[in-house]
Amino acid sequence: MRNKLIILPLLLTALCLAAPQYADAKLGERNEAIKEKIQERKEDREEDQDKRCTKLEESISKRITNFDNTHKAHQRQYELMKEKIAKVILEKAAEGKDVTKLRADLATLNEKIEKFNTDRIAFIDALKKTQEHACGDSQGAFKDALTDAQAKQKLVLADSKDIRNYYQTTIRADLKALRD
């Protein structure tokens, strides 16, 4: 019985000494598993960011192309508008009518078209600046450049609307007055 009493404390001591080592081994395995999951998530986030950046760069390229095509259509429309007004000025001047108001309108229209072209160039340049920044690594510079480009796009759209309004309200009224 005495042997059993001596062995029992020895067994308990051995278990107490072995238990932390077993726990440390389990904890180490858990830590490794957690580190692996963290690394996987980090790699997944980087892949997602690369995909978003690729999509954004493609979107910007498409926007530049679309805006160039739209601008060419606007330019053709504005040239036709100016030719039509110039033709009416020549016809009405040959008839002996006063065309000074229409000439002033044409000069104003030319200024508005020139402002439209200048703002459009500034917008395209601002969009191209966004392509200079590394998406995700520029610490806000990309977003600032994109916000600047969006503000310039609003100016271009406002210029286009201004030209359309000017033609519809002012020039058409003056053309009608000359015809009557």
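This briefing describes the charged side chains of the structure and the salt bridges that they form. The model is a predicted one. The structure holds 8 salt bridges, and several of them are treated below by location. Lys37, Arg41, Lys42 and Arg45 gather in a patch of positive charge on the surface.

**Salt bridges between helices**

- Aspartate 68 and arginine 120 join their side chains in a salt bridge, with an N to O distance of 2.5 Å.
- This pair links distant parts of the chain, since aspartate 68 belongs to helix α1 and arginine 120 to helix α2 (residues 100-132), with their positions 52 residues apart in numbering.
- Aspartate 68 has a relative accessible area of 24% and is therefore partly exposed, whereas arginine 120, with a value of 13%, is buried.
- A salt bridge also connects the side chains of aspartate 174 and lysine 101, at 3.6 Å from N to O.
- Here too the partners come from distant parts of the chain: aspartate 174 lies in helix α3 (residues 141-179) and lysine 101 in helix α2, 73 residues apart.
- Aspartate 174 counts as buried because its relative accessibility is 10%, while lysine 101 counts as exposed because its relative accessibility is 56%.

**A salt bridge within helix α3**

- Lysine 152 forms a salt bridge with aspartate 148, and the closest N and O atoms of the pair are 3.6 Å apart.
- Both residues lie in helix α3, where a separation of 4 residues corresponds to about one turn of the helix.
- Lysine 152 is partly exposed, its relative accessible area being 25%.
- Aspartate 148 is likewise classed as partly exposed, at 36% relative accessibility.

**A salt-bridge network**

- Salt bridges link Lys115, Asp119 and Asp159 in a network.

**The positive surface patch**

- The members of the patch of positive charge are Lys37, Arg41, Lys42 and Arg45.
- One of these residues, lysine 42, is found in helix α1 (residues 2-94).
- Lysine 42 has a relative accessibility of 44%, so this residue counts as partly exposed.
- Membership of a patch requires over 30% relative accessible area and no salt bridge, and the 44% of lysine 42 is therefore consistent with the accessibility part of that rule.

Definitions and conventions: Residues numbered from 1 in each chain as written. Predicted model: local features only at pLDDT ≥ 70, side-chain atom pairs only at ≥ 80, totals over all residues. Heavy atoms only, no water. Patch = residues over 30% accessible without salt bridge, like charges linked within 9 Å, V, L, I, M, F, W, Y side chains within 5 Å. Areas by Shrake-Rupley, 256 points an atom, 1.4 Å probe, with all protein chains shown as cover. Salt bridge = Lys/Arg side-chain N within 4 Å of Asp/Glu carboxyl O. Lys, Arg positive; Asp, Glu negative; His and termini not counted. Charge placed at Lys NZ, Arg CZ, Asp CG, Glu CD. Helix = DSSP H or I, 4+ residues; strand = E, 2+ residues; numbered from the N terminus. Buried < 20%, exposed > 50% of the residue type's maximum accessible area, 1.4 Å probe, protein only.
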